Amino acid sequence: SYSILLDTNLRVVASSLPEHSYTITVVPDGYELTPKEVAEGCVLSDDLGKFCQHTISSFGFQPLIDLAARQPDIFILENKKTFRLELDGEIYYARVATLGVDTNLTWQMASLIPESDITGSINKGRDIAIGVSIALIVVV
């Protein structure tokens, strides 16, 4: 399963994926952010350079991008449901939960669980049971 923590502006704060939730770019002295970079939440740091949090689309995790495209109202605080979506032949179950730290800080946790994570152990157990049954029939 995958979890992605989003801030109020739907920028990625953290995730359970190995990808970073931000990009850091070295910029020359005197560099000024473009209006687009400012709108995207980028900031300049004396130590790091240009620091930009990923948005849902720039994060690059296709199931999350697909969820946002197919169910844009999932990120409205009052609309909390579980969704089932298919992406490249893989079925995912998705849920977004609101984590209200205080009135000025509300985060959302998007959880996406591949159906294979749920059914994998069931199918394995079933396959073992079938194999044992066939082995018993052959031996007897």
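Glu37 and Lys50 reach toward one another and form a salt bridge, with 2.7 Å from N to O. This is a predicted model, so treat every value here as computed from it. The pair ties together distant parts of the chain: Glu37 belongs to helix H1 (residues 35-39), Lys50 to strand E5, and 13 residues separate them. Both partners, Glu37 and Lys50, are buried. As for what brings such pairs about, side chains of opposite charge can pair when their charged atoms come close.

Now follow Lys50 into its strand. Strand E5 covers residues 49-53 and pairs with E3 in the antiparallel sense, over four bridges. If you'd like a landmark in that pairing, look for Ile24, which stands opposite Phe51 in E5. Zoom out a little and you'll find an open sheet of three strands, in the order E3-E5-E4, with antiparallel pairing. Strand E3 (22-25) and strand E4 (43-45) are the edge strands, each pairing on one side only. From one strand to the next, the twist averages 25°.

Back to the salt bridges: the count comes to four. One of them joins Asp66 and Arg70, whose side chains meet at 3.0 Å, N to O. Here the two partners sit in helix H3 (residues 62-70), and because they are four residues apart there, about one helical turn separates them. Their surroundings are worth a look too. Asp66 has 10% relative accessibility, so it counts as buried. Arg70, at 44% relative accessibility, counts as partly exposed.

Another salt bridge takes us toward the start of the chain. Arg11 pairs with Asp7, and their closest N and O atoms are 3.8 Å apart. Arg11 and Asp7 are both buried. While you're in this region, have a look at the strands: strand E1 (residues 2-6) and strand E2 (residues 12-15) pair in the antiparallel sense over three bridges. Leu6 stands opposite Val12 in E2. The hairpin of E1 and E2 has five residues between the strands, and in this hairpin Leu10 takes a positive phi near 60°.

Leu6 also leads us to a residue from much further along the sequence. Which residue is that? It's Trp107, 101 residues away along the chain from Leu6, yet the C-alpha atoms of the two are separated by 5.6 Å. Trp107 lies in strand E8 (residues 105-114). Setting aside its neighbours within four places in sequence, Trp107 is in contact with Leu5, Leu6, Asp7, Val13, Ala97, Thr98 and Leu99. You've met Asp7 already, as the salt-bridge partner of Arg11. With all that company, is Trp107 buried or partly exposed? Its relative accessibility is 26%, so Trp107 counts as partly exposed.

Finally, step back and take in the whole protein. There are four helices and eight strands, and along the sequence they follow the pattern β-β-β-α-β-β-α-α-β-β-β-α. Of the protein's 140 residues, 25% count as buried. Take the contacts between residues at least 6 apart in sequence: 45% of them join residues at least 24 apart. As for the outside, the protein exposes about 9,000 Å², and carbon and sulfur atoms supply 57% of that area.

Conventions:
Residues are numbered from 1 along each chain as its sequence is written. This is a predicted model: local features need pLDDT of at least 70, side-chain atom pairs count only at pLDDT 80 or more; totals for chains, interfaces and linings use all residues. Side-chain values use heavy atoms; hydrogens and water are left out. Two strands pair if DSSP finds at least two bridges between them. Helices (H or I, at least four residues) and strands (E, at least two) are DSSP runs, numbered from the N terminus. Axes are lines fitted to C-alpha atoms, for helices over the stretch in contact, and angles run from 0 to 180 degrees between N-to-C directions. Buried means under 20% relative accessible area, exposed over 50%, partly exposed in between (1.4 Å probe, protein chains only). Contact means heavy atoms within 4.5 Å. Accessible areas come from the Shrake-Rupley method with a 1.4 Å probe; for residues, only the protein chains shown count as cover.
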